[in-house]
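Colleague: Thanks for making time for me today. Could you walk me through this model one step at a time?

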Amino acid sequence: GGLQKGIGVERTFQPTSSQAEQLAMLQALCAQLADEMAQTSGGVRGRTVTLKLKSSEFDVSTRDKTGAPVCSGAELFGATRALYAREAERAAEAGKPLRLRLIGVRVSKLTRADEDAVGMAGGQASIAQFVTRATQPHLADCGDGRGGCAGGYAAEAAGCTGAREVAEFELDEGDSGSDGEGA
């Protein structure tokens, strides 16, 4: 079956012009969307990120940005925060603070998270594979289709593999271990 076209989350709230509140909401939505992306078809990432804003006057604007595939909450927030900043700046120049009642985040142009390691649909090699073959031929074929070269260049270039999250998780465990020693 084909992959759905996009995944999105949005939330309506009491109208606010507090940028801190709006950004906190945006960050929470990005984290929620990242979770949903991880659970869709065994993990997906998307190339187009869309920010939807509804003002307290019910005017709706959408802004999007297409680039390298994203799937983590941090990557989604990075992309949408830039789009948000542009809108906030525009509102400030017009002498009206951005007063919002809804924020939405959507990702489209989806691919499976593991396709970067095994080649895109239609047999096209991904950029990550191409770069890996060109720069580190010995790593090109070590993948198990899920970014199996953990820590290897292909896993990094493909982004969103488990490689970085596993490393961070181990660090966290190390930290809590040192707390327990009562140093």
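Colleague: Where in the chain is the place of Gln 4?

Modeller: Keep in mind that this is a predicted model. Gln 4 is in contact with Thr 40 and Leu 110, once its neighbours within four places in sequence are left aside. Its own place is in the segment before strand 1.

Colleague: Does Gln 4 count as buried, partly exposed or exposed?

Modeller: Partly exposed covers what lies between the 20% limit for buried and the 50% limit for exposed. Gln 4 has 43% relative accessibility, so it counts as partly exposed.

Colleague: What separates the C-alpha atoms of Gln 4 and Ser 41?

Modeller: Along the chain, Gln 4 and Ser 41 are 37 residues apart. In space, the separation between their C-alpha atoms is 9.4 Å.

Colleague: Which loop holds Ser 41, and what phi does Ser 41 take?

Modeller: Ser 41 lies in the loop between helix 1 and strand 2. With a relative accessible area of 37%, Ser 41 is partly exposed. Although Ser 41 is not a glycine, its phi is positive, at about 50°.

Colleague: Which residue in the loop between strand 2 and strand 3 has a positive phi?

Modeller: The residue is not a glycine, and its phi is near 70°. It counts as exposed because its relative accessibility is 52%, over the 50% limit. The residue in that loop is Phe 58.

Colleague: Let's turn to helix 1. How does its reach from first C-alpha to last compare with what is expected?

Modeller: Helix 1 has 21 residues, and at 1.5 Å a residue the expected reach is 30 Å. The model comes close to that, with a reach of 30 Å.

Colleague: Which residues of helix 1 are buried?

Modeller: An α-helix has 3.6 residues a turn, so residues three or four places apart point the same way. What covers the buried residues of helix 1 includes strand 1, strand 2, strand 3, helix 2 and strand 4. The buried residues themselves are Gln 22, Met 25, Leu 26, Leu 29, Cys 30, Leu 33, Ala 34 and Met 37.

Colleague: Gln 22 caught my eye. What is its relative accessibility?

Modeller: Gln 22 sits in helix 1. Beyond its neighbours within four places in sequence, it is in contact with Thr 16, Ser 17, Tyr 84, Leu 98, Arg 99, Leu 100 and Ile 103. Gln 22 counts as buried because its relative accessibility is 0%.

Colleague: And which residues have the most contacts inside the largest nonpolar core?

Modeller: That core has 29 residues. Strand 1, helix 1, strand 2, helix 2 and strand 4 each supply at least two of them. Those with the most contacts inside the core are Leu 26, Leu 33, Met 37, Leu 76 and Ile 103.

Colleague: Taking Leu 26, which residues is it in contact with, leaving aside its neighbours within four places in sequence?

Modeller: Leu 26 is one of the buried residues of helix 1. Outside that stretch of neighbours, its contacts are Leu 51, Phe 77, Thr 80, Arg 81, Tyr 84, Ile 103 and Val 105.

Colleague: Now for Asp 64. Is it buried or exposed?

Modeller: Asp 64 has its place in strand 3. Leaving aside neighbours within four places in sequence, Asp 64 is in contact with Thr 48, Val 49, Thr 50 and Leu 83. Its C-alpha atom and that of Leu 83, 19 residues apart along the chain, are separated by 7.3 Å. Because its relative accessibility is 51%, Asp 64 counts as exposed.

Colleague: Which residues lie nearest the centre of the second largest pocket?

Modeller: About 310 Å³ of space lies in that pocket. Its lining has 6 nonpolar, 2 polar and 7 charged residues, with strand 2 and helix 2 each supplying at least two. Nearest the centre are Ser 55, Ala 91, Lys 96, Pro 97 and Leu 98.

Colleague: Finally, what pattern does the protein chain follow along the sequence?

Modeller: The chain has 6 helices and 4 strands, and of its 183 residues, 37% count as buried. Among contacts between residues at least 6 apart in sequence, 69% join residues at least 24 apart. Read along the sequence, the pattern is β-α-β-β-α-β-α-α-α-α.

Definitions and conventions: Residues numbered from 1 in each chain as written. Predicted model: local features only at pLDDT ≥ 70, side-chain atom pairs only at ≥ 80, totals over all residues. Heavy atoms only, no water. Core = buried A, V, L, I, M, F, W, Y, C linked by side-chain atoms within 4.5 Å. Buried < 20%, exposed > 50% of the residue type's maximum accessible area, 1.4 Å probe, protein only. Contact = heavy atoms within 4.5 Å. Expected span 1.5 Å × (residues − 1). 1 Å grid on protein atoms, 1.4 Å probe; cavity = no way out; pocket = protein on both sides within 12 Å on 5 of 7 lines; lining within 4 Å. Points joined across faces, edges and corners; volume = space filled by probe spheres on them. Nonpolar A, V, L, I, M, F, W, Y, C, P; charged D, E, K, R; others polar.
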